[in-house]
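Here is a set of exercises to work through with the structure open beside you. Try each task on your own, then follow the solution step by step.

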Amino acid sequence: MTVPHSFEQSPEFAAFAQCVRDARTCRRFREDVAVPLATLHALVDTARVCPSGANRQPLRYAVCADAVRNGGVFPHLRWAAYLKDWGGPVHGERPAAYIAVLCDRKGAPTPEIDLGIAAQTIQLGAQALGLGCCMIGAFDRDGVRAALGLNAPPHAELDLVLVLALGVPAETRVLETVGADGDIRYRRDAEGTHRVPKRPLESVLLPVHGGNAQEKG
Ligand SMILES: Cc1cc2nc3c(=O)[nH]c(=O)nc-3n(C[C@H](O)[C@H](O)[C@H](O)COP(=O)(O)O)c2cc1C
């Protein structure tokens with residue numbers, strides 16, 4: 001058996017890799033296009049089966065997709081720290097839905113790692129559904145908890161760790177390669193395209209001592 005190593009050899013990998021590349025953070029949305037609750041539930045249902053340290057599965061989710069709850073969540077979110085002249089999405093461009101992720105830290109050996117795996121799974125699922133997503137870690141915990149009614153049992157014991165903002169994208173986001181100056185800050189160009197620099201393969205792939213046998217031919 002030969003393991004494929006290129007997009008040409010594996011259309012499935014090509015599609016997967018393209019999905020990962022296209023799933024850039026989105027911060028402006030078609031607020032007028034509703035996201036069905038069933039879609040949010042399907043995304044959570046996918047995150048539910050992700051790997052989890054010791055399989056403790058400490059994460060819980062609260063979703064909303066209606067104007068009243070969305071309006072309660074939005075003011076507590078912080079957007080795009082590198083875009084100094086932009087105060088976040090305006091009316092009409094705000095997220096149409098949210099997934100709040102909560103964590104029961106008791107006995108969970110790897111809550112942050114579990115969170116990252118689940119969040120990226122939801123973001124990729126959203127991309128596959130034609131939705132954009134922004135993971136938001138900078139937000140007012142008390143404000144979002146109050147907006148979603150997460151202060152009473154059984155939720156009160158859980159930490160609110162991340163908010164995922166979702167909706168049909170209303171902005172173009174593109175990948176770039178980090179330049180010689182090493183600047184990793186995303187920016188918005190004159191056309192309004194969001195540009196995200198990523199380090200090239202050769203700068204993230206470390207040489208192993210002595211080299212790998214296959215590299216020596
Ligand atoms: C854990 C985490 C927290 C983040 N928190 C915020 C946030 O509070 N506000 C925001 O606008 N973007 C937030 N982001 C999005 C990052 O800014 C974004 O991932 C980064 O700029 C790279 O862009 P990309 O997602 O398109 O690759 C967060 C991303 C991660 C992974």
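**Exercise 1. The surroundings of a helix**

Which elements are included in what covers the buried residues of α4? Find them, then check the length of the helix and look at what comes just after α4.

*Solution.* Please keep in mind that this is a predicted model.

Step 1: List the residues to be covered. The buried residues of α4 are Pro111, Asp114, Leu115, Ala118, Ala119, Ile122, Gln123, Gly125, Ala126 and Gln127.

Step 2: Look for what lies against them. The cover includes the helices α1 and α2 together with the strands β1, β2, β3 and β4.

Step 3: Recall the geometry of a helix. An α-helix has 3.6 residues a turn, so residues three or four places apart point the same way.

Step 4: Test the length. At 1.5 Å a residue, the 18 residues of α4 should span 26 Å, and its end C-alpha atoms are indeed 26 Å apart, so the two values agree.

Step 5: Move on past the end. Just after α4 comes glycine 130, with a positive phi of about 85°.

**Exercise 2. A second helix**

How many of the 12 residues of α1 are buried? Check the span of this helix too.

*Solution.* Step 1: Count the buried residues. The count for α1 is zero, and this helix is hardly covered.

Step 2: Repeat the length test. The 12 residues of α1 should span 16 Å at 1.5 Å a residue, which agrees with end C-alpha atoms that are 16 Å apart.

**Exercise 3. The nonpolar core**

Which residues have the most contacts inside the largest nonpolar core, and which element gives the largest share of this core?

*Solution.* Step 1: Find the core and its centre of contacts. The largest nonpolar core has 42 residues, and Tyr98, Ile99, Ala100, Val101, Val163, Leu164 and Leu166 have the most contacts inside it.

Step 2: Assign the core to elements. At least two of its residues come from each of α2, β1, β2, α4, β3, α5 and β4. The largest share, seven residues, belongs to β4.

Step 3: Zoom in on one member. Leaving aside neighbours within four places in sequence, leucine 164 is in contact with Tyr98, Ile99, Val101, Ala119, Ile122, Cys133 and Met135.

**Exercise 4. The ligand shell**

Which residues come nearest to the ligand, and how do the residues of its shell divide by type?

*Solution.* Step 1: Pick out the nearest residues. Of the 13 residues around the ligand, these are Arg24, Thr25, Ile136, Gly137 and Ala138.

Step 2: Sort the shell by type. Eight residues are nonpolar, two are polar and three are charged.

Step 3: Ask where they come from. Strand β3, residues 132-136, supplies three residues, the largest share of the shell.

**Exercise 5. Loops worth a closer look**

Is asparagine 55 buried or exposed? Examine this residue, then glycine 53, alanine 80 and proline 154.

*Solution.* Step 1: Begin with asparagine 55, which sits in the loop between α2 and β1. Asparagine 55 is exposed, because 7 other C-beta atoms lie within 10 Å. Its phi is near 55°, a positive value in a residue other than glycine.

Step 2: Turn to glycine 53, in the loop between α2 and β1. Glycine 53 counts as partly exposed, because it has 15 C-beta neighbours inside 10 Å. Not counting residues up to four places away in sequence, glycine 53 touches Ala108, Pro109, Thr110, Ile113 and Asp114.

Step 3: Go to alanine 80, in the loop between α3 and β2. Alanine 80 also has a positive phi, about 45°, although it is not a glycine. With 18 C-beta neighbours inside 10 Å, alanine 80 counts as partly exposed.

Step 4: Finish with proline 154, in the loop between α5 and β4. A cis peptide bond, with omega of about 5°, joins proline 153 and proline 154.

**Exercise 6. The whole chain**

How many helices and strands does the chain have, and which residues does the UniProt domain annotation cover?

*Solution.* Step 1: Count the elements: there are six helices and seven strands.

Step 2: Turn to the record. The unreviewed UniProt entry carries the annotation "domain: Nitroreductase" for residues 21-167. Over residues 21-167 the chain is 31% helix and 18% strand.

Step 3: Add the burial. Of the 217 residues in the chain, 29% are buried.

Note on methods:
Residues numbered from 1 in each chain as written. Predicted model: local features only at pLDDT ≥ 70, side-chain atom pairs only at ≥ 80, totals over all residues. Near = placed C-beta within 6 Å. Helix = DSSP H or I, 4+ residues; strand = E, 2+ residues; numbered from the N terminus. Nonpolar A, V, L, I, M, F, W, Y, C, P; charged D, E, K, R; others polar. Core = buried A, V, L, I, M, F, W, Y, C linked by C-beta atoms within 7 Å. Buried ≥ 20, exposed ≤ 12 C-beta atoms within 10 Å, placed from the backbone. Contact = placed C-beta atoms within 7 Å. Expected span 1.5 Å × (residues − 1). UniProt positions renumbered as here; feature names shortened; annotations may be inferred.
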